[in-house]
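Got the structure open in a viewer? Let's take a walk through it together, one region at a time.

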Amino acid sequence: MATGILKVDGERVVDEKGATVVLRGAGIGGWMNMENFITGYPGHEHEHRAAMLKVLGKEKYEYFFDKWLEYYFTDKDAKFFASLGLNCIRIPFNYRHFEDDTNPRVLKEEGFKHLDRVIELCANEKIYTILDMHTVPGGQNPDWHADNATTQAQFWDFKDHQDRTIWLWEQIAKRYKGNPWIAGYNPLNEPCDPEHWRLPAFYDRIEPAIRKIDPDHILWLDGNTFAMEWKFFDKILPNCVYALHDYSMMGFPTGDRFKGTEEQCTKLERQFKRKAEFMTKNKTPIWNGEFGPVYANPRLDADSETINTERYNLLSQQLSVYDKYQIHWSIWLYKDIGVQGMVYTNPESAWNRLIQTFVDKKRALQLDAWGKYPSKDVEAVLDPLVHWIDKVSPTAKDTYPGPWATERHVLRAVFQTFLSKSFAAEFAALFKGKSKEELDALAHSFHYDECLQREGLNKAMSSHATVHGEKQTIVMSKEDEDTGMEMEQGQ
């Protein structure tokens with residue numbers, strides 16, 4: 001059994017007896033906060049669900065998604081996860097499970113059905129959970145993983161969005177206060193406040209609101225700009241762990257390939273140390289809430305085995321850095337259709353067979369930002385437009401979030417928002433006329449029994465699940481401080 005609720009003690013997270021606990025695991029992204037590349041649909045979750053409701057009708061729609069949520073994570077997943085020596089699962093969720101925009105501040109009790117179930121399954125295997133509101137009203141960042149179809153993070157401009165988020169966290173705190181297997185609450189995922197100061201100001205509001213109801217659980221607080229910046233953070237809040245996200249472009253198809261050179265390894269450590277500067281200066285625990293490569297597909301990459309070996313080596317090098325400083329981490333992600341997950345659906349499953357042609361079309365059109373492949377057709381349209389924009393407006397490339405530059409902004413606004421939405425009905429039409437039995441079989445494709453395991457990834461994680469040796473102190477150099485942000489943000 002758990003030895004009390006975890007708490008922060010200086011630079012450590014400790015249990016009730018004062019013993020250090022280092023949390024290491026993964027996020028079950030794409031489950032209660034769906035994402036396009038994880039399950040295959042285009043665009044954004046609320047658009048996808050609306051299109052599916054129109055095709056299936058209310059009864060079949062509710063049946064399918066309930067079964068899909070059930071099969072996605074079962075006791076077998078929890079047992080497998082624990083068998084690797086991992087001890088923490090981050091659970092991203094969309095606020096829309098618990099509240100409707102058309103009926104704000106009215107709690108949807110049914111939204112807790114599967115969240116309660118998975119928290120209990122994890123507890124049974126001695127796995128802690130961190131609850132992560134990945135999507136909040138208005139969108140805390142301009143990206144798809146915030147279920148934001150506007151490309152504008154309106155959460156920061158409307159106080160009511162912030163008030164609703166605090167209200168919902170208060171309801172969650174009432175439900176889970178006193179649960180020793182919940183390691184805490186992650187109020188916002190990858191916030192992007194263009195003015196920067198509004199994020200720490202929001203944390204100053206939400207921390208006492210949650211504490212009034214649940215004084216014990218840790219808050220896990222992401223930095224700004226996809227958990228990479230700490231401007232205007234001038235103090236630390238009590239019983240809080242601060243979180244960075246540490247993706248490397250060397251783990252993606254459009255980045256340089258990782259060869260393990262001294263220069264590449266040094267770059268990895270410097271980028272981590274820059275993102276951890278706030279925690280280092282304030283002597284707080286460090287949580288890397290997201291990181292990890294995507295993996296080559298044998299259908300698409302003739303040298304997929306070599307590429308994936310390089311990416312496992314990249315991952316192992318990052319994990320060695322995290323071991324050096326004994327930080328907490330949660331890799332992205334646990335399960336998907338074969339892009340990045342520790343576990344993934346079988347290419348011969350009912351689900352993959354149904355959607356594969358559509359997924360190929362998405363890839364060719366670069367409708368998904370995550371793990372996108374080069375496309376000459378897209379480049380022929382995109383490159384002249386980006387060149388023209390940069391010519392007529394030289395400052396466009398500096399538009400926040402800064403790591404994106406003009407190309408990423410255009411891809412996000414035009415290809416991955418406007419164009420992707422136009423394909424929502426086409427994807428949903430794949431399910432037209434399906435019986436409940438057929439829908440059950442499709443949902444069951446995500447069950448652990450049908451899925452495959454990414455052995456190289458799981459082996460690397462398992463070998464770094466337990467902390468060994470003596471913790472080293474992070475020492476910042478001028479080179480570390482000058483290391484820039486990678487263009488690719490997280491989840």
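Start with the barrel: eight strands close up in the order β3-β4-β5-β6-β7-β8-β9-β10, and their pairing is parallel. From one strand to the next, the twist averages 25 degrees. Keep in mind as you look around that this is a predicted model. If strand pairing is new to you, here's the basic idea: strands of a sheet pair through backbone hydrogen bonds, either parallel or antiparallel.

Now pick out β8 in that barrel. Who are its partners? On one side, β7 and β8 run parallel and are joined by four bridges. You can find a spot along this pairing where Trp220 stands opposite Val241 in β8. The pairing of β8 with β9 (residues 286-290) is also parallel, and four bridges join these two strands. Here, Tyr242 stands opposite Ile286 in β9, and Leu244 stands opposite Asn288 in β9.

How buried is β8? Six of its six residues are buried, so the strand is largely enclosed by the rest of the structure. To see how that works, remember that in a regular strand the side chains alternate between the two faces of the sheet. In β8, one side carries Cys240, Tyr242 and Leu244, the other carries Val241, Ala243 and His245, and all of these are buried, leaving both faces covered.

What lies across β8? Helix α6 does, and it lies across β6 and β7 as well, running at about 165 degrees to β7. This helix covers residues 198-213, which makes 16 residues. From its first C-alpha to its last it reaches 24 Å, close to the 22 Å you'd expect at 1.5 Å a residue. Plenty of α6 is tucked away: its buried residues include Leu199, Phe202, Tyr203, Ile206 and Ile210, and also charged-looking names on the list such as Arg198, Glu207 and Arg211. And what covers them? The cover includes α5 (159-176), β6 (182-186), β7 (218-222), α7 (224-227) and β8 (240-245).

Next, let's look at how helices meet each other. Take α8 (residues 262-275) and α10 (residues 304-325): their axes come within 10 Å and cross at roughly 50 degrees. That angle is neither under 35 degrees nor in the range from 65 to 115, and α8 and α10 are therefore oblique to each other. Their crossing is right-handed. Where they meet, α8 brings Cys265, Leu268, Glu269, Phe272 and Lys273, while α10 brings Leu314, Gln317, Gln318, Val321, Tyr322, Lys324 and Tyr325.

While you're at α10, find Glu310, which sits in this helix. Is Glu310 buried or exposed? With a relative accessible area of 10%, Glu310 is buried, because the cut-off for buried is under 20%. Leaving out residues up to four places away in sequence, Glu310 touches Arg257, Phe258 and Lys259.

A second helix pair is worth a look too. The axes of α12 (residues 376-392) and α13 (residues 405-421) come within 10 Å and cross at roughly 120 degrees. That makes α12 oblique to α13. This crossing is right-handed. On the α12 side, the contact is made by Val378, Val381, Leu382, Leu385, Val386, Ile389 and Asp390, and on the α13 side by Thr406, Glu407, Val410, Leu411 and Phe415.

Further along the chain, look for Leu430 in the loop between α14 (424-429) and α15 (436-444). Leu430 has a relative accessible area of 27%, so it counts as partly exposed. Not counting residues up to four places away in sequence, Leu430 touches Leu354, Ile355 and Phe358. How far is Leu430 from Cys240? Their C-alpha atoms are separated by 45 Å, and the two residues are 190 places apart along the chain.

Last stop: an open sheet. Three strands form it in the order β11-β12-β13, with mixed pairing. At its edges stand β11 (335-336) and β13 (452-453), each with a single partner strand, so one side of each has no neighbour in the sheet. Strand β12 (residues 343-344) pairs with β13 in the antiparallel sense over two bridges. To find that pairing on your screen, look for Tyr344, which stands opposite Leu452 in β13.

Technical notes: Residues are numbered from 1 along each chain as its sequence is written. This is a predicted model: local features need pLDDT of at least 70, side-chain atom pairs count only at pLDDT 80 or more; totals for chains, interfaces and linings use all residues. Side-chain values use heavy atoms; hydrogens and water are left out. The expected span of a helix is 1.5 Å times one less than its number of residues. Buried means under 20% relative accessible area, exposed over 50%, partly exposed in between (1.4 Å probe, protein chains only). Contact means heavy atoms within 4.5 Å. Two strands pair if DSSP finds at least two bridges between them. Axes are lines fitted to C-alpha atoms, for helices over the stretch in contact, and angles run from 0 to 180 degrees between N-to-C directions. Angles under 35 degrees count as roughly parallel, over 145 as roughly antiparallel, 65 to 115 as roughly perpendicular and the rest as oblique. A crossing is left-handed if the near helix is turned anticlockwise from the far one by less than a right angle, and right-handed if clockwise.
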